[in-house]
Amino acid sequence: MTDLLIRNAALVATVDAERRELRGGWVAITDGLISGVGSSLDPEPVADRLIDADGCLVTPGLVNTHHHLFQNLTRAYSPMTSAPLFGWLQSLYPLWTAAIDEEAEYLAAWVGLAELAMSGCTTSSDHHYLHPVRAGDLLGAEVRAAADLGMRFHPTYASMSLGESKGGLPPDDAVRDEDDILAESQRAVEHHHDPSHGSMLQVALAPCSPFTVSTDLMIRSAELAERLDVRLHTHLAENAQDDEFAIATFGMRPVDYFEHCGWMSSRAWGAHVVMPDPGEIARLGAAGVGVAHCPSSNMILASGIAPVVALRRAGCPVGLGCDGSSSADSASLWQEARLSMLQGKLTSGAGAMDARTVLEISTRGGAGCLGREGELGELSVGAVGDVAVWKLDGPIFAGVLDDLIEGWLRTGPHAAWHTIVGGTAVVESGLLVAPDLDEKLAAHAAAARRFQPAV
Ligand SMILES: [Zn+2]
């Protein structure tokens, strides 16, 4: 017996290997996995539960490949909104380091993942690089939040080891000893990582950036990831300051440094990747390095526009990232998708980035970054039962008759009507299923006040 049948959709965009688009389509989910997909011409299975998707576009759940969930505790914090990357970070590091604890991390993750779910996201990564010794088990706190909401989660044990006294960017009390970092990374994998098909939680290792960790930690993290068979993530070639730092400190550009540290492999995905030159793009593509494209953050910090069209053409899996909510500051993957389309058209030509391409980036591309091709980001038998149902009506959608996928991204803003993770609704009829949103928001506001002394 099928557990859940989503039926009668205006269109099911499967984003499967054939990119099938099924009018009047349906999606069946059994034991957390997709057990059938069809059009109005195909016989539907009998199911325990039904969702009527009349008038709706049904897509795979969107995949978020880069985030710093804790940053929603300093969202749009006015004293910090006008500096480029390095100044912005140096202003915020002390506030974050002083106030972060397990309770704040849990609330930030719960609220941030709820926000993502409401934008159709079903899987999110998180790059949590702040681990002051006194703060407790912050990765464990965000793992609890994801489980409480029912979101599929890819946290990373991220790290900073290069304090100001050693030439790094963060203050010394924000960084950790490198042997501790590697031991904690291994512990996080052993406690939380589930490599099985359909896994709800996978852990990656994630030294933060060239300007916050040593070369030795980059190399040892890559070796540990290989040994534990988990993925690797870091910030890569984010802006001109990042380029200048790498050249001045290591005598090479960020992509050369990435390769020097043993990271040029399909096990790794980098965040931002705004600055690679054509030769570097070709090398990243040949190695199959994934790219988390973060258009909002790259514009707010004036970092630049990532060469997404060229990176995809070179062979990089490219996914979307909302990035941290102190630099983005929204965490709507639909919005990142729309910005990705607009940036792609502006930089590469009107025909170079259409809504279907961006839907693919938002789903299959994200799965590629997380090393879960064929398992996430598509509606095909055997893939996870992660589905976004988008209601396409009201004044914003009036007049769209011909192409519902183009209409979905060119009108808006849109939020998900239903967000289903592994066959279970996290968002239903536009509302979060978890019953305690108001209480969580009040507690989050109290925690945020501890982070923002000027308020
Ligand atoms: Zn980031």
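How many bridges join strand S2 to S7, and in which direction do they run? The exercises below work from this pair outwards.

This is a predicted model, in which local features need pLDDT of at least 70, side-chain atom pairs count only at pLDDT 80 or more, and totals for chains, interfaces and linings use all residues. Residues are numbered from 1 along each chain as its sequence is written.

**Exercise 1. Place S2 and S7 in their sheet, and name the edge strands.**

Solution. Start with the pair itself: S2 (residues 11-13) and S7 are joined by two bridges and run parallel. Helices (H or I, at least four residues) and strands (E, at least two) are DSSP runs, numbered from the N terminus. Two strands count as paired if DSSP finds at least two bridges between them. Across this pair, Val-12 stands opposite Val-58 in S7. Next, read the strand order, which is S3-S2-S7-S16-S17-S18-S19, an open sheet of seven strands with mixed pairing. Its edge strands, each pairing on one side only, are S3 (21-23) and S19 (431-432).

**Exercise 2. Describe the sheet that contains S1 and S4.**

Solution. The order here is S5-S4-S1-S6, four strands in an open sheet, again with mixed pairing. S5 (33-38) and S6 (47-52) are the edges, each with pairing on one side only. On average, neighbouring strands of this sheet are turned by 20 degrees against each other, direction ignored. Within the sheet, S1 (residues 2-7) pairs with S4 (residues 26-30) over three bridges in the antiparallel sense. Leu-5 has Ala-28 in S4 as its bridge partner.

**Exercise 3. Classify the packing of H2 on H3.**

Solution. First take the geometry: the axes of H2 (residues 102-118) and H3 (residues 138-149) come within 8 Å and cross at roughly 40 degrees. Axes are lines fitted to C-alpha atoms, for helices over the stretch in contact, and angles run from 0 to 180 degrees between N-to-C directions. That angle makes H2 oblique to H3. The classes are roughly parallel under 35 degrees, roughly antiparallel over 145, roughly perpendicular from 65 to 115, and oblique for the rest. The crossing is right-handed (the near helix is turned clockwise from the far one by less than a right angle; anticlockwise would be left-handed).

Then list the contact (C-beta atoms, placed from the backbone, within 7 Å). H2 residues including Tyr-106, Trp-110 and Leu-113 meet H3 residues including Leu-138, Arg-144 and Leu-149. The contact of H2 with H3 divides into eleven nonpolar, no polar and five charged residues. Ala, Val, Leu, Ile, Met, Phe, Trp, Tyr, Cys and Pro count as nonpolar, Asp, Glu, Lys and Arg as charged, and the others, Gly among them, as polar.

**Exercise 4. Repeat the analysis for H11 and H12.**

Solution. The axes of H11 (residues 333-348) and H12 (residues 355-369) come within 9 Å and cross at roughly 135 degrees. H11 and H12 are therefore oblique to each other, and H11 passes H12 in a right-handed crossing. Leu-333, Ala-337, Ser-340 and Met-341 of H11 make the contact with Ala-355, Val-358, Ile-361 and Ser-362 of H12. By class, the residues of this contact are six nonpolar, two polar and no charged.

**Exercise 5. Characterise the contact between the two domains.**

Solution. The chain divides into domain 1 (2-61 + 375-430) and domain 2 (62-369), with bounds from an automatic or database domain assignment. Their C-alpha centres lie 29 Å apart. Each domain gives 31 residues to the contact. On the domain 1 side, H13 (404-410) is one of the elements that supply at least two residues, and H13 gives the most, with five residues. That side has 17 nonpolar, nine polar and five charged residues.

Conventions. Two residues are in contact if their C-beta atoms, placed from the backbone, lie within 7 Å.
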